[in-house]
Amino acid sequence: MRDAEQIVCDAWVQALVTHRDQAHAAMFEAAAHCDEVRRSLARALVERKPDSIATAHAALEEALAAGRRAARSFQQAQEGLALELDLVIWRNIQRRMEACVARDGEPTPQTAQIEQPEPDRDRPAPVLSRLRRRFLPWRGTSP
């Protein structure tokens, strides 16, 4: 059962990685298109033709909007992947804790405090909240 779950989990993570990589490529493509349209606007400004300036400016606004959409899509794909990887890590910790309980009969003090976070289904958790879960708070030691 766990092997099947792991296979499905690995396939899902790979699908998320593929989606993230496609969004990343689309973002770079949109950035290249924006650069191309900026050069076109610069040429129109040098020529000082109002009609071509207006057309190039409108094309630049459209390219910038497409670039923002592509960047937003990449950010969402990146956050979704990070959230899924966090959940995979928590599932593995939970499995180890269950194995420890099954072997010893009681959880150890370190594993008894581990709680699985409730994922926010509407939006992935921001980066800083993920970092707080991963790193223990720093406790200064005096020499």
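Let's start at Thr 18, which has its place in helix 1. Thr 18 is partly exposed, with a relative accessible area of 35%. Follow the chain from there to Ala 77 and you pass along 59 residues of sequence, yet in space the two sit 9.6 Å apart, C-alpha to C-alpha. Keep in mind while you look around that this is a predicted model.

**The overall layout**

So what is the protein built from? It has four helices and zero strands. Read from the N terminus on, the elements go α-α-α-α. Helix 1 covers residues 2-47, and helix 2 covers residues 50-104. Further along the chain, helix 4 takes in residues 127-134.

The Thr 18 and Ala 77 pair is one example of residues far apart in sequence. For the protein as a whole, take the contacts between residues at least 6 apart in sequence: 71% of them join residues at least 24 apart. Of the 143 residues in the protein, 23% are buried. The accessible surface comes to about 11100 Å², and carbon and sulfur atoms account for 57% of that.

**How confident is the prediction?**

The average pLDDT for the protein is 79, and 71% of the residues score at least 70. Which element has the highest mean pLDDT, and which the lowest? Helix 1 comes out highest with a mean of 90, while helix 4 is lowest with 47. The stretch from 128 to 143 stays under 50 in pLDDT, and the model has ten contacts beyond four places in sequence for those residues.

**Inside: two nonpolar cores**

Now for the interior. The largest nonpolar core has seven residues: Cys 34, Val 37, Leu 41, Ala 44, Ala 56, Leu 60 and Ala 63. Helix 1 and helix 2 each supply at least two residues of this core, with helix 1 giving the most, at four residues.

Leu 41 is a handy member of the core to zoom in on. Leaving out residues up to four places away in sequence, Leu 41 touches Ile 53, Ala 56, His 57 and Leu 60. Two of these names, Ala 56 and Leu 60, also appear in the core itself.

There is also a second, separate core of six residues, and Cys 9, Val 13, Val 17 and Val 88 are among them.

Each core includes a cysteine you can check. Cys 34, from the largest core, is buried because its relative accessible area is 6%, under the 20% cut-off. Cys 9, from the second core, counts as buried too, at 13% relative accessibility. How many disulfides does the protein have? The count comes to zero.

**Salt bridges**

A search of the whole structure turns up three salt bridges. Here they are side by side, with the closest N to O distance for each.

| Pair | N to O distance |
|---|---|
| Arg 20 and Asp 21 | 3.1 Å |
| Arg 38 and Asp 35 | 3.1 Å |
| Glu 84 and Arg 91 | 3.7 Å |

Take the Arg 20 and Asp 21 pair to begin with: its Asp 21 is partly exposed, with a relative accessible area of 41%.

Next come Arg 38 and Asp 35. Both lie in helix 1, three residues apart, which is about one turn of the helix. Arg 38 is partly exposed at 39% relative accessibility, and Asp 35 is partly exposed at 37%.

That leaves Glu 84 and Arg 91. Is Glu 84 buried or exposed? Glu 84 counts as buried, because its relative accessibility is 14% and buried means under 20%. Its partner Arg 91 is partly exposed, at 25% relative accessibility.

**A residue in the loop**

One last stop is Arg 48, which lies in the loop between helix 1 and helix 2. Most residues other than glycine have a negative phi. Arg 48 is not a glycine, but its phi is positive, at about 60 degrees. How much of Arg 48 is accessible? At 70% relative accessibility, Arg 48 counts as exposed.

Note on methods. Residues numbered from 1 in each chain as written. Predicted model: local features only at pLDDT ≥ 70, side-chain atom pairs only at ≥ 80, totals over all residues. Heavy atoms only, no water. Salt bridge = Lys/Arg side-chain N within 4 Å of Asp/Glu carboxyl O. Buried < 20%, exposed > 50% of the residue type's maximum accessible area, 1.4 Å probe, protein only. pLDDT = per-residue confidence, 0-100. Contact = heavy atoms within 4.5 Å. Core = buried A, V, L, I, M, F, W, Y, C linked by side-chain atoms within 4.5 Å. Disulfide = S-S within 2.5 Å. Areas by Shrake-Rupley, 256 points an atom, 1.4 Å probe, with all protein chains shown as cover.
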